[in-house]
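Biologist: Please take a close look at the charged and aromatic side chains of this model, and set out how each pair is placed with respect to the surface and the interior. A single connected account would serve best.

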Amino acid sequence: MTAARLVRTASLAALPALVAAYAVPVVSTFGPLRNRVMPRLSGRGRSDHIALTFDDGPDRMSTPHFLRLLAARHVRATFFLLGHEAHRSPDLVREIAAAGHEIGIHGWLHRPLLLRGPRATYDDFARARDTVADITGSRPTLFRPPYGVMSTAAHLAAHRLGLTPVLWTCWGEDWTARATPESVLRTVTADLDGGATILLHDSDCTSAPGAWRSALGALPLILDACARRGYEVGRLRDHGRPHPA
C-alpha cells in the first residue's frame, strides 16, 4: 500500500470520530438533560427570579408591540437579535437598548451551526456582535445559537469573541401556525419554576407568518402567572448565580 493510500485510508477511518467530536455539543439541545446537567447553559438563575428572553428580532412590525407591553408592565428583558435584522433596523435596536433591555446576539443569519465550518461560524458571530456594538455603543456578551444547537466550532468562536452561550429552560412553542396565547401560556408554565429562563419570539422572520401574535397575547398572562408564584421577572444579567447541577 502506498503512503498516499495509507494517509487516505487513515483519514477516512478518522472521519466519523471527527464528525462526532464536532457535533458532541448537540446533546445540549435536549432540554431535560440540559436543564439537569448544564444549568449555566440553560440559563438557570436564582430561585426567586425568572429571566424573560426573546429571539429573532428586531422586527419593525412586531417588536414595538412587545416593547410597549413590557414598558407598561415595568419589565425589562433580554433580546437575542439577528445581526442581519439589527442592520436593517438600527433605530429599533437603539430603542430596545434605551428602554433598559439587555441585548445578546442570535448570529448574523438564522442558520444551523452544524452546517458551518469554524471560520464561517466565527465570522457570523463576529459580524453580528460588531453590528450591534456599532449601533448601541456597547458590545454584547451573550449569545444564543439558532435552533438552540451548538457545535464545537460555536463554543470556540464564542470563547474567542467573549460571548457566553445561553439557551433556556422553558419555551412557548410560539413559532407554529397553530399556536395561540393560551397554548403558549400552557407550554411555558408546564416547565416554569424559580430560576427559569423563558424563550419567546418577538418576530416571525423564521416562524409561521403572524406567529408573534401568540407570544404577544401570552406575555401578560405569563407575567401574571409569575407574579402569582412570587417570581420577579427580568433580564439575564439580573438572574443571579445558577443553581447547582
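Modeller: A salt bridge is taken here as a side-chain nitrogen of Lys or Arg lying within 4 Å of a carboxyl oxygen of Asp or Glu. The model is a predicted one, and Arg 94 and Asp 91 form such a bridge in it, with their closest N and O atoms 2.6 Å apart. Both residues belong to helix 6 (residues 90–98), and because they are three residues apart there, about one helical turn separates them. Arg 94 is partly exposed, since its relative accessible area is 38%, whereas Asp 91, at 56%, is exposed. Elsewhere, salt bridges with shared partners connect Arg 46, Asp 48 and Glu 232 in one network. The whole structure contains 12 salt bridges.

A bridge in another setting is that between Asp 55 and Arg 144, whose closest N and O atoms are 2.9 Å apart. This pair links distant parts of the chain: Asp 55 is in strand 1, Arg 144 is in the loop between strand 4 (142–143) and helix 8 (152–160), and 89 residues separate them in sequence. Are these two charged residues buried or exposed? The cut-off for a buried residue is a relative accessible area under 20%. Asp 55 therefore counts as buried, with a value of 2%, and Arg 144 is likewise buried, at 0%.

Asp 224 and Arg 73 form a further bridge, in which the closest N and O atoms are 2.6 Å apart. Asp 224 lies in helix 10 and Arg 73 in the loop between helix 4 and strand 2, so this bridge ties together parts that are 151 residues apart in sequence. Asp 224 is partly exposed, with a relative accessibility of 30%, and Arg 73 is also partly exposed, at 33%.

Helix 10, which spans residues 212–228, also holds Leu 221. With a relative accessibility of 32%, Leu 221 is partly exposed. If residues up to four places away in sequence are set aside, Leu 221 touches Pro 181 and Leu 185. Its C-alpha atom is separated by 10.0 Å from that of Arg 186, which is 35 residues away along the chain.

One more charged side chain deserves mention before the ring pairs. Arg 160 lies over the face of Tyr 122, at a distance of 4.1 Å from the ring centre.

The aromatic rings come next. A pair of aromatic rings is described by the distance between the centres and the angle between the planes. The structure holds six aromatic pairs. In one of them, Phe 54 and Phe 66 have ring centres 5.4 Å apart and planes at 65 degrees, so the arrangement is edge-to-face. This pair links distant parts of the chain, with Phe 54 in strand 1 (residues 49–55) and Phe 66 in helix 4 (residues 63–72), 12 residues apart. Phe 54 is buried, with a relative accessibility of 0%, and Phe 66 is buried too, at 0%. Phe 54 also pairs with Phe 79, and here the rings are stacked, 5.0 Å centre to centre with 20 degrees between the planes. This second pair again links distant parts, from strand 1 to strand 2 (residues 78–81), the two residues being 25 positions apart. Phe 79 is buried as well, at 0% relative accessibility. Together with Trp 212, the residues Phe 54, Phe 66 and Phe 79 form one aromatic cluster.

Phe 54 has a further role in the packing of the interior. The largest nonpolar core has 49 residues, and those that touch the most other members are Leu 52, Phe 54, Ile 198, Leu 200 and Leu 219. Helix 10 gives the most to this core, namely eight residues. Apart from neighbours within four places in sequence, Ile 198 is in contact with several residues, among them Ile 50, Leu 52, Cys 170, Val 188 and Ile 222. A second core is separate and has five residues, including Ala 51, Phe 80, Val 166 and Leu 236.

The chain as a whole provides the background. It has 10 helices and eight strands, and 51% of its 245 residues are buried. Among contacts with a separation of 6 or more, 78% join residues 24 or more positions apart. The accessible surface comes to about 11700 Å², with 57% of it belonging to carbon and sulfur atoms.

Terms used: Residues numbered from 1 in each chain as written. Predicted model: local features only at pLDDT ≥ 70, side-chain atom pairs only at ≥ 80, totals over all residues. Heavy atoms only, no water. Helix = DSSP H or I, 4+ residues; strand = E, 2+ residues; numbered from the N terminus. Buried < 20%, exposed > 50% of the residue type's maximum accessible area, 1.4 Å probe, protein only. Contact = heavy atoms within 4.5 Å. Phe/Tyr/Trp six-rings, centres within 6.5 Å; stacked < 30°, edge-to-face > 60°. Lys NZ or Arg CZ within 6 Å of the ring centre and 35° of its normal. Core = buried A, V, L, I, M, F, W, Y, C linked by side-chain atoms within 4.5 Å. Areas by Shrake-Rupley, 256 points an atom, 1.4 Å probe, with all protein chains shown as cover.
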